[in-house]
Amino acid sequence: MERKYTIDTQENKSFLENNAKALWDFGRRFPSPGGASYYLGDDGTPWQDRPRETWITSRMAHVYSMGVICKLEGCAELADKALMGLLGELKDTTNGGWYAGRTFENEILPGKQCYAHAFVILAATSALLAGRAGAEELLKEALALYDKRFWNEEEGLSCDTWNTEFTILDQYRGINANMHTVEAFLAVADATGDETYRIRAGRIIERVIGWAKENQYRIPEHFTEDWKPDLEKNKETPDDPFKPYGATPGHGIEWARLIIQWAASTYGIDNKQAFPYFNTAAKLYDRAITDAWNVDGAKGIVYTTDWNGVPVVHDRMHWTLAEAINSSAVLYRVTKDEKYAEHYGMFMQYLDETVLDHSCGSWYHQLDENNCLKTTVWPGKSDVYHALQAMLIPYSDVSVSIAKALHNAFPNR
(Lines give C-alpha, C1' and ligand atoms only; values in the text may rest on other atoms or scores of the structure.)
Protein backbone atom coordinates (compact mmCIF):
# COMPACT_ATOMS: atom_id res chain seq x y z
CA MET A 1 0.00 0.00 0.00
CA GLU A 2 1.30 3.47 -0.86
CA ARG A 3 2.60 5.49 2.07
CA LYS A 4 0.16 8.30 1.33
CA TYR A 5 -2.64 5.97 2.42
CA THR A 6 -0.89 4.78 5.60
CA ILE A 7 -1.79 6.44 8.86
CA ASP A 8 0.91 8.39 10.71
CA THR A 9 3.17 8.78 7.69
CA GLN A 10 4.15 12.23 6.54
CA GLU A 11 2.84 11.33 3.09
CA ASN A 12 -0.62 10.64 4.51
CA LYS A 13 -0.61 13.81 6.58
CA SER A 14 0.28 15.80 3.47
CA PHE A 15 -2.42 14.02 1.45
CA LEU A 16 -5.05 15.03 4.01
CA GLU A 17 -3.75 18.59 4.37
CA ASN A 18 -3.76 19.17 0.62
CA ASN A 19 -7.25 17.76 0.23
CA ALA A 20 -8.56 19.81 3.15
CA LYS A 21 -7.30 22.99 1.51
CA ALA A 22 -8.85 21.91 -1.79
CA LEU A 23 -12.22 21.38 -0.08
CA TRP A 24 -12.09 24.80 1.56
CA ASP A 25 -11.38 26.25 -1.88
CA PHE A 26 -14.15 24.24 -3.54
CA GLY A 27 -16.91 25.54 -1.26
CA ARG A 28 -16.09 29.25 -1.45
CA ARG A 29 -18.99 30.15 -3.75
CA PHE A 30 -21.69 28.98 -1.33
CA PRO A 31 -22.98 32.34 0.05
CA SER A 32 -26.12 33.90 -1.34
CA PRO A 33 -26.52 37.69 -1.00
CA GLY A 34 -28.40 37.13 2.26
CA GLY A 35 -25.82 34.68 3.57
CA ALA A 36 -27.81 31.45 3.35
CA SER A 37 -25.93 28.73 1.54
CA TYR A 38 -26.62 27.80 -2.03
CA TYR A 39 -26.54 24.10 -2.85
CA LEU A 40 -23.31 23.50 -4.77
CA GLY A 41 -23.10 21.77 -8.12
CA ASP A 42 -20.52 19.34 -9.46
CA ASP A 43 -17.79 21.96 -9.87
CA GLY A 44 -18.81 24.13 -6.92
CA THR A 45 -21.07 26.40 -8.97
CA PRO A 46 -24.07 27.47 -6.85
CA TRP A 47 -27.37 25.96 -7.95
CA GLN A 48 -29.53 29.01 -7.39
CA ASP A 49 -32.75 27.25 -8.39
CA ARG A 50 -32.64 25.03 -5.29
CA PRO A 51 -33.62 25.99 -1.72
CA ARG A 52 -31.11 27.64 0.59
CA GLU A 53 -31.35 25.38 3.62
CA THR A 54 -30.47 25.98 7.24
CA TRP A 55 -28.63 22.71 7.76
CA ILE A 56 -26.32 23.35 4.81
CA THR A 57 -25.74 26.98 5.84
CA SER A 58 -24.87 25.85 9.37
CA ARG A 59 -22.43 23.28 8.05
CA MET A 60 -20.73 25.93 5.94
CA ALA A 61 -20.50 28.28 8.92
CA HIS A 62 -18.84 25.43 10.82
CA VAL A 63 -16.52 24.61 7.90
CA TYR A 64 -15.28 28.15 7.35
CA SER A 65 -15.03 28.90 11.06
CA MET A 66 -12.60 25.99 11.20
CA GLY A 67 -10.80 27.60 8.28
CA VAL A 68 -10.46 30.77 10.34
CA ILE A 69 -9.07 28.77 13.24
CA CYS A 70 -6.54 27.20 10.85
CA LYS A 71 -5.59 30.69 9.66
CA LEU A 72 -6.66 30.20 6.05
CA GLU A 73 -7.02 33.39 4.06
CA GLY A 74 -10.54 34.36 3.04
CA CYS A 75 -12.36 32.07 5.46
CA ALA A 76 -13.33 34.81 7.90
CA GLU A 77 -15.49 36.59 5.32
CA LEU A 78 -17.17 33.33 4.36
CA ALA A 79 -17.86 32.31 7.95
CA ASP A 80 -19.35 35.74 8.59
CA LYS A 81 -21.59 35.47 5.51
CA ALA A 82 -23.01 32.17 6.75
CA LEU A 83 -23.56 33.65 10.20
CA MET A 84 -25.37 36.56 8.57
CA GLY A 85 -27.72 34.04 6.96
CA LEU A 86 -28.36 32.29 10.26
CA LEU A 87 -28.93 35.55 12.11
CA GLY A 88 -30.93 37.00 9.24
CA GLU A 89 -32.98 35.45 6.45
CA LEU A 90 -33.11 31.93 7.94
CA LYS A 91 -34.16 33.04 11.41
CA ASP A 92 -37.84 33.11 12.39
CA THR A 93 -38.25 36.28 14.41
CA THR A 94 -41.99 35.67 14.86
CA ASN A 95 -42.18 32.10 16.14
CA GLY A 96 -38.59 31.54 17.20
CA GLY A 97 -35.99 29.17 15.89
CA TRP A 98 -34.85 28.68 12.32
CA TYR A 99 -36.79 27.96 9.20
CA ALA A 100 -35.91 24.78 7.34
CA GLY A 101 -34.76 27.17 4.64
CA ARG A 102 -35.94 29.43 1.86
CA THR A 103 -36.92 28.58 -1.70
CA PHE A 104 -35.17 30.12 -4.70
CA GLU A 105 -38.13 32.52 -4.80
CA ASN A 106 -37.38 33.45 -1.16
CA GLU A 107 -40.47 31.75 0.26
CA ILE A 108 -40.20 30.02 3.63
CA LEU A 109 -39.68 26.25 3.70
CA PRO A 110 -42.20 25.04 6.29
CA GLY A 111 -41.37 23.13 9.45
CA LYS A 112 -38.85 23.34 12.25
CA GLN A 113 -36.30 20.51 12.17
CA CYS A 114 -34.34 19.22 15.14
CA TYR A 115 -31.66 18.14 12.64
CA ALA A 116 -31.22 21.69 11.36
CA HIS A 117 -31.25 23.23 14.83
CA ALA A 118 -28.51 20.84 15.98
CA PHE A 119 -26.36 22.13 13.14
CA VAL A 120 -27.12 25.74 14.09
CA ILE A 121 -25.67 24.95 17.53
CA LEU A 122 -22.62 23.31 15.98
CA ALA A 123 -22.07 26.31 13.72
CA ALA A 124 -22.34 28.71 16.64
CA THR A 125 -19.78 26.83 18.75
CA SER A 126 -17.24 26.77 15.92
CA ALA A 127 -17.83 30.44 15.14
CA LEU A 128 -17.40 31.25 18.83
CA LEU A 129 -14.03 29.50 18.88
CA ALA A 130 -13.11 31.38 15.70
CA GLY A 131 -13.91 34.69 17.40
CA ARG A 132 -16.62 35.69 14.95
CA ALA A 133 -18.99 38.56 15.73
CA GLY A 134 -22.51 37.36 16.48
CA ALA A 135 -21.45 33.83 17.42
CA GLU A 136 -22.12 34.23 21.14
CA GLU A 137 -25.58 35.65 20.44
CA LEU A 138 -26.33 32.85 17.99
CA LEU A 139 -25.25 30.13 20.41
CA LYS A 140 -27.24 31.58 23.29
CA GLU A 141 -30.41 31.81 21.20
CA ALA A 142 -29.95 28.40 19.60
CA LEU A 143 -29.45 26.63 22.93
CA ALA A 144 -32.42 28.36 24.54
CA LEU A 145 -34.66 27.45 21.63
CA TYR A 146 -33.41 23.86 21.48
CA ASP A 147 -33.87 23.37 25.21
CA LYS A 148 -37.41 24.69 24.99
CA ARG A 149 -38.62 22.94 21.85
CA PHE A 150 -36.57 19.82 21.15
CA TRP A 151 -34.88 18.47 24.25
CA ASN A 152 -36.94 16.19 26.53
CA GLU A 153 -35.27 16.04 29.91
CA GLU A 154 -37.40 13.15 31.15
CA GLU A 155 -36.68 10.95 28.11
CA GLY A 156 -33.08 12.02 27.67
CA LEU A 157 -33.72 12.38 23.93
CA SER A 158 -34.86 14.99 21.42
CA CYS A 159 -38.02 15.10 19.35
CA ASP A 160 -37.75 15.55 15.60
CA THR A 161 -40.03 18.01 13.81
CA TRP A 162 -42.49 20.81 14.62
CA ASN A 163 -44.63 22.86 12.32
CA THR A 164 -43.35 26.34 11.56
CA GLU A 165 -45.30 27.97 14.39
CA PHE A 166 -44.22 25.44 17.05
CA THR A 167 -47.84 24.50 17.72
CA ILE A 168 -47.92 20.94 16.32
CA LEU A 169 -45.26 18.35 17.12
CA ASP A 170 -44.88 15.49 14.65
CA GLN A 171 -45.25 12.03 16.18
CA TYR A 172 -42.14 10.75 14.41
CA ARG A 173 -39.00 10.33 16.49
CA GLY A 174 -35.62 9.84 14.84
CA ILE A 175 -32.09 8.87 15.74
CA ASN A 176 -30.35 10.86 13.00
CA ALA A 177 -31.33 14.17 14.61
CA ASN A 178 -30.25 12.83 18.00
CA MET A 179 -26.90 11.76 16.56
CA HIS A 180 -26.15 15.27 15.37
CA THR A 181 -27.47 16.56 18.68
CA VAL A 182 -24.74 14.52 20.38
CA GLU A 183 -22.20 16.09 18.04
CA ALA A 184 -23.53 19.57 18.82
CA PHE A 185 -23.82 19.04 22.58
CA LEU A 186 -20.24 17.77 22.82
CA ALA A 187 -19.11 20.82 20.86
CA VAL A 188 -20.97 23.11 23.27
CA ALA A 189 -19.35 21.48 26.29
CA ASP A 190 -15.92 21.78 24.69
CA ALA A 191 -16.39 25.39 23.58
CA THR A 192 -18.07 26.78 26.69
CA GLY A 193 -17.18 24.43 29.55
CA ASP A 194 -20.86 23.78 30.29
CA GLU A 195 -20.84 20.08 31.18
CA THR A 196 -24.64 19.92 31.17
CA TYR A 197 -24.47 19.24 27.46
CA ARG A 198 -21.84 16.49 27.71
CA ILE A 199 -24.07 14.76 30.27
CA ARG A 200 -27.02 15.06 27.92
CA ALA A 201 -24.96 13.60 25.08
CA GLY A 202 -24.20 10.64 27.32
CA ARG A 203 -27.88 10.09 28.04
CA ILE A 204 -28.65 9.91 24.32
CA ILE A 205 -25.71 7.55 23.80
CA GLU A 206 -26.91 5.18 26.53
CA ARG A 207 -30.32 4.87 24.86
CA VAL A 208 -28.78 4.25 21.44
CA ILE A 209 -26.43 1.60 22.79
CA GLY A 210 -29.39 -0.21 24.33
CA TRP A 211 -31.29 -0.26 21.05
CA ALA A 212 -28.19 -1.35 19.15
CA LYS A 213 -27.59 -4.31 21.46
CA GLU A 214 -31.18 -5.44 20.92
CA ASN A 215 -30.60 -5.50 17.14
CA GLN A 216 -27.18 -7.18 16.76
CA TYR A 217 -25.52 -3.74 16.78
CA ARG A 218 -27.62 -2.49 13.87
CA ILE A 219 -29.09 0.78 15.14
CA PRO A 220 -32.81 1.44 14.57
CA GLU A 221 -33.26 4.79 12.85
CA HIS A 222 -37.01 5.44 13.19
CA PHE A 223 -39.30 5.44 16.21
CA THR A 224 -42.88 6.05 17.25
CA GLU A 225 -43.92 8.88 19.53
CA ASP A 226 -43.24 6.73 22.62
CA TRP A 227 -39.83 5.66 21.33
CA LYS A 228 -40.72 2.20 20.07
CA PRO A 229 -38.52 1.18 17.11
CA ASP A 230 -40.38 1.34 13.79
CA LEU A 231 -38.22 -1.14 11.89
CA GLU A 232 -40.39 -1.25 8.76
CA LYS A 233 -40.70 2.48 8.18
CA ASN A 234 -40.20 3.62 4.56
CA LYS A 235 -39.83 0.09 3.23
CA GLU A 236 -41.47 1.35 0.03
CA THR A 237 -39.02 4.27 -0.27
CA PRO A 238 -35.79 2.69 0.96
CA ASP A 239 -33.38 5.31 -0.41
CA ASP A 240 -34.91 8.30 1.36
CA PRO A 241 -32.03 10.77 2.00
CA PHE A 242 -32.96 11.35 5.64
CA LYS A 243 -35.29 8.48 6.61
CA PRO A 244 -34.14 5.37 4.70
CA TYR A 245 -35.58 1.94 5.43
CA GLY A 246 -33.59 -0.50 7.53
CA ALA A 247 -30.17 -0.09 9.10
CA THR A 248 -27.78 2.60 7.88
CA PRO A 249 -24.24 1.22 8.31
CA GLY A 250 -22.74 4.68 7.86
CA HIS A 251 -24.57 5.82 10.98
CA GLY A 252 -23.30 2.85 12.96
CA ILE A 253 -19.81 3.94 11.95
CA GLU A 254 -20.51 7.57 12.85
CA TRP A 255 -21.98 6.65 16.23
CA ALA A 256 -18.82 4.67 16.98
CA ARG A 257 -16.72 7.82 16.72
CA LEU A 258 -19.11 9.94 18.77
CA ILE A 259 -19.29 7.32 21.52
CA ILE A 260 -15.50 7.24 21.71
CA GLN A 261 -15.34 11.02 21.85
CA TRP A 262 -17.91 11.20 24.63
CA ALA A 263 -16.31 8.42 26.70
CA ALA A 264 -12.80 9.76 26.24
CA SER A 265 -13.88 13.29 27.19
CA THR A 266 -15.94 12.08 30.15
CA TYR A 267 -13.57 9.52 31.66
CA GLY A 268 -10.22 9.89 29.90
CA ILE A 269 -8.70 7.69 27.22
CA ASP A 270 -6.81 5.50 29.72
CA ASN A 271 -9.59 5.24 32.28
CA LYS A 272 -11.16 1.79 32.69
CA GLN A 273 -14.61 3.34 32.80
CA ALA A 274 -14.19 4.37 29.15
CA PHE A 275 -13.19 0.91 27.95
CA PRO A 276 -16.71 -0.61 27.76
CA TYR A 277 -17.75 2.28 25.53
CA PHE A 278 -14.70 1.83 23.31
CA ASN A 279 -15.64 -1.86 23.04
CA THR A 280 -19.22 -1.00 22.10
CA ALA A 281 -17.97 1.49 19.51
CA ALA A 282 -15.78 -1.23 18.00
CA LYS A 283 -18.75 -3.59 17.81
CA LEU A 284 -20.88 -0.96 16.06
CA TYR A 285 -18.11 -0.22 13.59
CA ASP A 286 -17.28 -3.89 13.00
CA ARG A 287 -20.92 -4.77 12.41
CA ALA A 288 -21.31 -1.95 9.89
CA ILE A 289 -18.13 -2.80 7.99
CA THR A 290 -18.99 -6.51 7.90
CA ASP A 291 -22.49 -5.76 6.61
CA ALA A 292 -21.65 -3.02 4.16
CA TRP A 293 -18.04 -2.89 2.87
CA ASN A 294 -17.24 -4.80 -0.34
CA VAL A 295 -20.33 -7.00 -0.01
CA ASP A 296 -21.68 -6.83 -3.56
CA GLY A 297 -18.68 -7.34 -5.78
CA ALA A 298 -17.31 -3.80 -5.76
CA LYS A 299 -15.58 -1.55 -3.26
CA GLY A 300 -17.66 0.82 -1.21
CA ILE A 301 -20.10 0.95 1.70
CA VAL A 302 -23.71 0.20 0.80
CA TYR A 303 -26.23 2.79 1.96
CA THR A 304 -28.66 0.50 3.81
CA THR A 305 -29.25 -3.10 4.83
CA ASP A 306 -32.19 -5.02 6.23
CA TRP A 307 -32.19 -6.22 9.84
CA ASN A 308 -30.21 -9.32 8.89
CA GLY A 309 -27.45 -7.29 7.27
CA VAL A 310 -28.51 -7.97 3.68
CA PRO A 311 -27.97 -4.88 1.45
CA VAL A 312 -31.12 -3.04 0.41
CA VAL A 313 -29.83 0.15 -1.24
CA HIS A 314 -26.45 -0.54 -2.82
CA ASP A 315 -25.55 3.08 -3.59
CA ARG A 316 -22.40 4.48 -2.04
CA MET A 317 -22.88 7.86 -0.33
CA HIS A 318 -19.77 9.96 0.19
CA TRP A 319 -20.52 10.68 3.81
CA THR A 320 -20.35 6.99 4.75
CA LEU A 321 -16.76 6.84 3.50
CA ALA A 322 -15.91 10.04 5.36
CA GLU A 323 -17.19 8.53 8.60
CA ALA A 324 -15.34 5.26 7.92
CA ILE A 325 -12.11 7.22 7.57
CA ASN A 326 -12.82 9.06 10.82
CA SER A 327 -13.86 6.08 12.89
CA SER A 328 -11.15 3.71 11.71
CA ALA A 329 -8.57 6.34 12.66
CA VAL A 330 -10.16 7.03 16.04
CA LEU A 331 -10.53 3.32 16.85
CA TYR A 332 -6.88 2.83 16.00
CA ARG A 333 -5.94 5.65 18.39
CA VAL A 334 -7.82 4.16 21.35
CA THR A 335 -7.32 0.41 20.72
CA LYS A 336 -3.91 0.31 18.98
CA ASP A 337 -5.36 -2.56 16.92
CA GLU A 338 -3.58 -2.67 13.55
CA LYS A 339 -6.80 -3.86 11.92
CA TYR A 340 -8.15 -0.34 12.11
CA ALA A 341 -4.98 1.12 10.63
CA GLU A 342 -5.35 -1.32 7.74
CA HIS A 343 -8.98 -0.30 7.28
CA TYR A 344 -7.98 3.35 7.28
CA GLY A 345 -5.50 2.66 4.51
CA MET A 346 -8.01 0.85 2.33
CA PHE A 347 -10.53 3.66 2.80
CA MET A 348 -7.88 6.22 1.87
CA GLN A 349 -7.03 4.29 -1.29
CA TYR A 350 -10.71 3.96 -2.24
CA LEU A 351 -11.16 7.68 -1.67
CA ASP A 352 -8.24 8.60 -3.90
CA GLU A 353 -8.98 6.14 -6.67
CA THR A 354 -12.77 6.31 -6.79
CA VAL A 355 -14.55 8.95 -4.70
CA LEU A 356 -12.33 12.00 -5.07
CA ASP A 357 -13.30 14.02 -8.13
CA HIS A 358 -9.85 14.87 -9.43
CA SER A 359 -11.35 16.88 -12.27
CA CYS A 360 -14.00 19.13 -10.72
CA GLY A 361 -13.03 18.97 -7.05
CA SER A 362 -14.57 17.69 -3.83
CA TRP A 363 -15.97 14.14 -3.60
CA TYR A 364 -18.63 12.44 -5.67
CA HIS A 365 -21.65 12.43 -3.36
CA GLN A 366 -23.41 9.34 -4.71
CA LEU A 367 -22.11 6.35 -6.68
CA ASP A 368 -23.99 3.23 -7.73
CA GLU A 369 -23.01 -0.37 -6.93
CA ASN A 370 -20.50 -0.27 -9.79
CA ASN A 371 -19.02 3.00 -8.50
CA CYS A 372 -20.48 4.99 -11.38
CA LEU A 373 -21.86 8.47 -10.72
CA LYS A 374 -25.50 8.54 -9.68
CA THR A 375 -27.66 11.54 -8.82
CA THR A 376 -31.00 10.21 -7.60
CA VAL A 377 -30.48 11.11 -3.92
CA TRP A 378 -27.56 13.54 -3.86
CA PRO A 379 -27.01 15.36 -7.14
CA GLY A 380 -24.10 17.76 -7.21
CA LYS A 381 -22.01 18.35 -4.09
CA SER A 382 -24.23 20.11 -1.59
CA ASP A 383 -21.54 21.08 0.93
CA VAL A 384 -18.10 19.98 2.16
CA TYR A 385 -18.80 19.23 5.85
CA HIS A 386 -18.35 15.44 5.91
CA ALA A 387 -15.43 15.38 3.50
CA LEU A 388 -13.54 18.16 5.27
CA GLN A 389 -13.95 16.61 8.70
CA ALA A 390 -12.53 13.36 7.33
CA MET A 391 -9.40 15.27 6.37
CA LEU A 392 -9.08 16.78 9.86
CA ILE A 393 -10.25 14.23 12.45
CA PRO A 394 -7.66 11.44 11.87
CA TYR A 395 -4.88 13.56 13.36
CA SER A 396 -6.91 15.40 16.00
CA ASP A 397 -7.47 14.72 19.70
CA VAL A 398 -10.10 11.94 19.87
CA SER A 399 -11.59 13.33 23.08
CA VAL A 400 -12.35 16.80 21.72
CA SER A 401 -14.77 18.15 19.12
CA ILE A 402 -12.99 18.95 15.89
CA ALA A 403 -13.25 22.76 16.02
CA LYS A 404 -11.98 22.78 19.61
CA ALA A 405 -9.19 20.37 18.70
CA LEU A 406 -8.09 22.73 15.93
CA HIS A 407 -8.40 25.67 18.31
CA ASN A 408 -6.08 23.89 20.74
CA ALA A 409 -3.63 23.21 17.92
CA PHE A 410 -3.73 26.82 16.67
CA PRO A 411 -3.95 28.75 19.95
CA ASN A 412 -2.67 32.07 18.61
CA ARG A 413 -5.20 32.90 15.93
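**Exercise 1. The salt bridge of K4**

Task: Determine whether K4 is buried, partly exposed or exposed, and establish which residue forms a salt bridge with K4.

Solution. In this predicted model, K4 has a relative accessible area of 26%. Buried requires a value under 20% and exposed a value over 50%, so a residue in between is partly exposed. K4 is therefore partly exposed.

The partner of K4 in the salt bridge is D352, with 2.8 Å between the closest N and O atoms. The two residues belong to distant parts of the chain: K4 precedes helix 1 (10-26), D352 sits in helix 11 (residues 338-355), and 348 residues separate them. D352 has a relative accessible area of 10% and is therefore buried.

**Exercise 2. The packing of helix 1 on helix 11**

Task: Describe how helix 1 and helix 11 pack, giving the angle and the distance between their axes, and state which residues meet.

Solution. The axes of helix 1 and helix 11 lie 13 Å apart, and the packing angle is about 45 degrees. That angle makes helix 1 oblique to helix 11. The crossing of the two helices is left-handed.

From helix 1, the residues in contact are N12, F15 and L16; from helix 11, they are Y344, M348, L351 and D352. By class, this contact comprises 5 nonpolar, 1 polar and 1 charged residues. D352, which forms the salt bridge with K4, is one of the helix 11 residues in the contact.

**Exercise 3. A salt bridge of R3**

Task: State which residue forms a salt bridge with R3, and classify both partners by accessibility.

Solution. R3 pairs with E11, and their closest N and O atoms are 3.0 Å apart. The relative accessible area of R3 is 48%, so R3 is partly exposed. E11, at 36%, is likewise partly exposed.

**Exercise 4. Helix 2 against helix 4**

Task: Find how the axes of helix 2 and helix 4 are arranged, and list the residues through which the helices meet.

Solution. Helix 2 covers residues 54-69 and helix 4 covers residues 114-129; their axes come within 8 Å and cross at roughly 20 degrees. An angle under 35 degrees counts as roughly parallel, and helix 2 and helix 4 are therefore roughly parallel to each other. Their crossing is left-handed.

On the side of helix 2, the contact involves T54, W55, S58, R59, A61, H62, S65 and I69. Helix 4 contributes Y115, A116, F119, V120, L122, A123, S126, A127 and L129. The contact contains 11 nonpolar, 5 polar and 1 charged residues.

The spacing of such residues can be read against helix geometry. With 3.6 residues a turn in an α-helix, residues three or four places apart point the same way.

**Exercise 5. R59 and its partner**

Task: Identify the residue whose side chain meets that of R59 in a salt bridge, and decide whether the two residues are buried or exposed.

Solution. R59 is one of the helix 2 residues that meet helix 4. Its side chain also meets that of D383 in a salt bridge, at 3.3 Å from N to O. D383 is in the loop between strand 15 (366-367) and helix 12 (385-392), whereas R59 is in helix 2, so the pair ties together parts 324 residues apart in sequence. Both R59 and D383 are buried.

Within the whole structure, the search finds 22 salt bridges. Some are linked in a network, formed by D190, E195 and R198.

**Exercise 6. The cover of helix 13**

Task: Name the buried residues of helix 13, and say what covers them.

Solution. Helix 13 comprises residues 402-409, and its buried residues include I402, A403, A405, L406 and H407. Among the elements that cover them are helix 2, helix 4 and helix 12.

**Exercise 7. Positive phi at two non-glycine residues**

Task: Compare the locations of F166 and K336, and state whether each is buried or exposed.

Solution. F166 is not a glycine, yet its phi is positive, at about 60 degrees. F166 lies in the loop between strand 9 (161-162) and strand 10 (173-174). Its relative accessibility is 5%, so F166 counts as buried.

K336, also not a glycine, has a positive phi of about 65 degrees. K336 is found in the loop between helix 10 (318-335) and helix 11. At 62% relative accessibility, K336 counts as exposed.

Conventions. Residues numbered from 1 in each chain as written. Predicted model: local features only at pLDDT ≥ 70, side-chain atom pairs only at ≥ 80, totals over all residues. Heavy atoms only, no water. Axes fitted to C-alpha atoms, helices over the stretch in contact; angles between N-to-C directions. Helix = DSSP H or I, 4+ residues; strand = E, 2+ residues; numbered from the N terminus. Parallel < 35°, antiparallel > 145°, perpendicular 65-115°, else oblique. Left-handed = near helix turned anticlockwise from the far one by under 90°. Contact = heavy atoms within 4.5 Å. Nonpolar A, V, L, I, M, F, W, Y, C, P; charged D, E, K, R; others polar. Salt bridge = Lys/Arg side-chain N within 4 Å of Asp/Glu carboxyl O. Buried < 20%, exposed > 50% of the residue type's maximum accessible area, 1.4 Å probe, protein only.
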